Amino acid sequence: MFYDYLKIHVKAGDGGDGCVAFRREKYVPFGGPSGGDGGKGGDVILRADARLRTLIDFHFQKHFKAERGGHGQGKNRTGKNGRDLVLRVPVGTVVRDAASGAVIADLVEDGQEVVVARGGRGGRGNARFATSTNQAPRYAEKGEPGEERWLELELKLLADVGLIGLPNAGKSSLLNRVSAARPRVADYPFTTLEPCLGVVRLAEGESFVMADLPGLIEGAHAGAGLGHRFLRHIERTRLLVHVLDMSSTAAMDPLRAFAVVNRELELYNPELARRPQIIAANKMDLPGSEANLQRLRGELKDYEIFPLSTVTGEGIPALLHRVAALLRQLPPPCPLTPDSLPEEPELRWEGEVLVIGGELGRRLLAIDWENPEARRAAAESLRRSGVERRLKSAGARPGTVIRIGDREFIFTPAEGNEGEQ
Ligand SMILES: Nc1nc2c(ncn2[C@@H]2O[C@H](COP(=O)(O)OP(=O)(O)OP(=O)(O)O)[C@@H](O)[C@H]2O)c(=O)[nH]1
Ligand SMILES: [Mg+2]
């Protein structure tokens, strides 16, 4: 199996909790607050690595979690930041947010990175909450939860040239002959089960990357043969070399083979059918090939045709030079541009429940609701900062259930604060 599409779940580290502590000093019965902040949770990062060719590692493990931040400690010591988790993916991996389908990144360069889940901020320790009216706060903030999401990973190989054609046309033989890549060659259809990239070096110090792809058959666009899965790798090539078996023993007449494969491209993605394409008329060492070549030349006047044989090597240099010349004129492939991820709404109704998310939700989750003093301080600050009013205008009434993360609260607005700012 060739793994080029799958889903994984990533969870960044939660922030560490802030600490409640007080200084203990000689002769001072009750020192000032000295609880340190929690450390930041680790991010989950995807990094493109040119040494990888498939997404197979993710077939065995689907859930990934970065380290959480350390909790704050006494004497104003800040908790340790959680370590980032770096997941390596092959170059050419398109990363999408599974829920929205939005493109998060297209990792087209070796070493390119993207943060796919941000670690939570550490909670502030009680030292930060001391005010002139409350010099010894006995509460601290909780760490913010790390982001989590399902990702869709899709590998779309990057190559300058894609070899297309029916099974057995000689695509792998050609790549074998012109590069150091050694795809398997055999006398039966569907020998190649996964794409193979090879670097073709020309004498002049020029080089390009050629992709050998599994053969296409009728119905490939709809999933026949190895079809559909591999067509996505052709999408990111700049030039197509259509390999045809010109011999009289070919499974299909070359003209018909040419039409069948192009129809599959057209049905899969019309843009692919318009991609620059030249013909490698292969197996010219075999009987019947000359006659077929004459017919091909007569019918396909719009295409450049290069007769060759991967057995004798004849005709191959001419093809390669033409490919190199065309590549010099063709624009480089452009990576997908990331979409902006849909912002999570801060307030939304789920049936009778008012859900608080986004930045406001994160702020509220940082409150240590179990601690009565923290709860009182939070209620006061929510009222002053207008949050309570926002909830009311969103339709919250006393008794409404409010959900933040996995916690639920009953809305109990403070009395007599109508009309406050
Ligand atoms: N005589 C002759 N045989 C060739 C030539 N090119 C390829 N072949 C033979 O054709 C058969 C198929 O070649 P492959 O390179 O495996 O064909 P492919 O297009 O990669 O086929 P799939 O991977 O199945 O799609 C093998 O037996 C090759 O030896 C050629 O120029 N002349
Ligand atoms: Mg092959």
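Leaving aside neighbours within four places in sequence, leucine 153 is in contact (heavy atoms within 4.5 Å) with several residues, among them Tyr5, Ile8, Leu46, Phe58 and Val95. The model is a predicted one, in which local features need pLDDT of at least 70 and side-chain atom pairs count only at pLDDT 80 or more, while totals for chains, interfaces and linings use all residues. Residues are numbered from 1 along each chain as its sequence is written, and side-chain values use heavy atoms, with hydrogens and water left out.

The largest nonpolar core has 30 residues, and Leu153 is listed with Ile8, Val10, Leu46, Phe58, Val116 and Leu151 as having the most contacts inside it. Such a core is a set of buried Ala, Val, Leu, Ile, Met, Phe, Trp, Tyr and Cys residues joined through side-chain atoms within 4.5 Å, where buried means under 20% relative accessible area with a 1.4 Å probe, protein chains only. A second, separate core of 26 residues includes Leu163, Cys196, Phe306 and Leu326.

The magnesium ion (ligand 2) has as its protein donors Ser172 (OG) and Thr192 (OG1), which lie 1.9 to 2.1 Å from it; donors are N, O and S atoms within 2.8 Å of the metal (3.2 Å for Na, K and Ca), and sites may look incomplete because water is not among the atoms. Serine 172 is buried, at 9% relative accessible area, and threonine 192 is also counted as buried, at 12%.

Elsewhere, the side chains of arginine 236 and aspartate 106 form a salt bridge at 2.6 Å, N to O, a term that requires a side-chain nitrogen of Lys or Arg within 4 Å of a carboxyl oxygen of Asp or Glu.

Definitions and conventions
Chains lettered and ligands numbered in written order. Buried < 20%, exposed > 50% of the residue type's maximum accessible area, 1.4 Å probe, protein only.
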